[in-house]
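Work through the following exercises with the sequence and coordinates at hand. Each task is followed by a solution in steps.

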Amino acid sequence: MVLRHARAARRSAFTALGALVLAGLPCAAAADPAPGAGPAPGAAQTLGADRPSPHLLAALQRDLRLDEAQASERLVNEAEAGTRAGRLRNALGDRFAGAWVQGATAEELTVATTAAEDVPAIEAQGATAEVVRRTLAGLEADKAKLDAAAERTRSLETPVWYVDVPKNRIVVQATSQEAGAAFVRAAGLEGEDVALRMTTARPRLLQDITGGDAFYIDNTARCSVGFSVTEGGRGGFVTAGHCGGAGATTTGYDRTAQGVFQASTFPGEDMAWVATDDRWTPTPDVKAQEGQEVQVTGSAQALVGASVCRSGSTTGWHCGVIEQHDTSVRYAQGTVDGLTRTTVCAEPGDSGGPFVAGAQAQGVTSGGSGDCTAGGTTFYQPVNPILGDFGLTLTTAAAARTSPGGRDDGAQAWAEGRVYEVGATVTRDGVRYQCLQTHQAQGAWAPAGTPALWQRL
């Protein structure tokens, strides 16, 4: 049973991010600016949501049916909601049951908990509180059982399963009631709150083969460039793992020599990176529409319900919303876990192309169902795991690198280029901070100056 509580405050809470008053909860002070410094930037400023590309705004207006003011407001609201959700997640701890945004301009943030006594604290942060039966950790544990069962059964009759955070349940998509029930039994979840959703759609890899540009693998298949990255002194880009294996050679959109796949994982995950030769220069650019480009400034992970746009070499620039994180998809070639499900359309050849939310890199196109004529569902491989697993640094348009701070010994010292998950703790200049939004640390995002991403403890 889900109990819904109206918010006590709305817009005024957006400016009160530093005043986390959690009656009866572990309390942590907000990240204070350094002595003598001006006011710390808000989440929208930190993440670049207050200065969006006009091409991003145009696509959001077209695909989400918004006017320009609504599209701009939505991006700011989504950025601010991410910080508030992170603070509440850290404060609620094991009782946290998920967070999401909704409304035409993402004006409503909802945070779920399993304890009714948390409601006043959630509402004090301008969020709607929902009291639910199951924690997010508990739902994720059940999904892990489905992931394990998928390795044993390998049936294509249950192509998708995920945690539906707003509904506080697991959802299994199946081609028949019998196939769905068998999968649930195989996972040992019979009798649990698992919803079966019948579907005829079978996600397939979008494998026909600046982000969004075409590239060619061994002069045969075509995929799309994801995001520019660097590794040591080498430049390159990330893309989907199913596009090519380690050692495969690539040519660029102009069919000239480009690079070599350095690492590739598929199935299990759908991630790869290509090191390019010196003629190809990494940039923070992603192709938008009509030959224009947008730039990424970081990789802060967006919430469920947030808007997201995709670029691909087949269908170009399209937008939609994030439906679920941590979705498992069973393609004919194998199962991939940890994908994000969206309402954005895509078609073969768009594989590997970039997904962005505002100015933040989100992931690379994996596969989906439907097309960009009738619409469809598309899944992306989140970018932060790619950066972390392969030791890559995202190329961004962020401000200049900060100068090194004081010495912080130990494994928990904040480090530029490291990927931090929500709840991670670090030290910087002798002060401890806790992460509010999953992201790769940028030089301009040191904890003391980015309360949108870090909470001072």
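**Exercise 1.** Determine whether Thr-327 is buried or exposed, and list its contacts outside the local sequence.

Solution. Step 1: the relative accessible area of Thr-327 is 0%, so Thr-327 is buried. The classes are buried under 20% relative accessible area, exposed over 50% and partly exposed in between, with a 1.4 Å probe and protein chains only. The model is predicted: local features need pLDDT of at least 70, side-chain atom pairs count only at pLDDT 80 or more, and totals for chains, interfaces and linings use all residues. Residues are numbered from 1 along each chain as its sequence is written, and side-chain values use heavy atoms, with hydrogens and water left out.
Step 2: Thr-327 is found in strand 19, residues 316-331. Helices (H or I, at least four residues) and strands (E, at least two) are DSSP runs, numbered from the N terminus.
Step 3: contact means heavy atoms within 4.5 Å. Leaving aside neighbours within four places in sequence, the partners of Thr-327 include Lys-143, Trp-161, Tyr-162, Leu-339 and Phe-379.

**Exercise 2.** Find the accessibility class of Asp-326 and the sign of its phi.

Solution. Step 1: Asp-326 also lies in strand 19. Step 2: with a relative accessible area of 30%, Asp-326 is partly exposed. Step 3: its phi is positive, about 50°, although Asp-326 is not a glycine.

**Exercise 3.** Describe the length of helix 5 and the placement of its buried residues.

Solution. Step 1: helix 5 covers residues 136-153, 18 residues in total, and reaches 26 Å from its first C-alpha to its last, close to the 26 Å expected at 1.5 Å a residue. The expected span is 1.5 Å times one less than the number of residues.
Step 2: the buried residues of helix 5 are Leu-136, Leu-139, Asp-142, Lys-143, Leu-146, Asp-147, Ala-149 and Ala-150. They lie on the same side of helix 5 because they cover an arc of only 165° around the axis; the arc is that of the directions from the helix axis to the C-beta atoms.
Step 3: the face turned away from the buried side carries the exposed residues Ala-137 and Arg-152.
Step 4: Arg-154 follows helix 5, with a positive phi near 50°.

**Exercise 4.** At what angle do helix 5 and helix 6 pack, and which residues make the contact?

Solution. Step 1: helix 5 and helix 6 (residues 177-186) pack at about 110°, with their axes 8 Å apart. Axes are lines fitted to C-alpha atoms, for helices over the stretch in contact, and angles run from 0 to 180 degrees between N-to-C directions.
Step 2: that angle makes helix 5 roughly perpendicular to helix 6. Angles under 35 degrees count as roughly parallel, over 145 as roughly antiparallel, 65 to 115 as roughly perpendicular and the rest as oblique.
Step 3: Leu-146, Ala-149, Ala-150, Arg-152 and Thr-153 of helix 5 meet Phe-183, Val-184 and Ala-186 of helix 6.

**Exercise 5.** Locate Pro-159 and classify its accessibility.

Solution. Step 1: Pro-159 is in the loop between helix 5 and strand 5 (160-164). Step 2: Pro-159 counts as buried because its relative accessibility is 1%. Step 3: beyond neighbours within four places in sequence, its contacts include Gln-173, Thr-199, Pro-203 and Ser-328.
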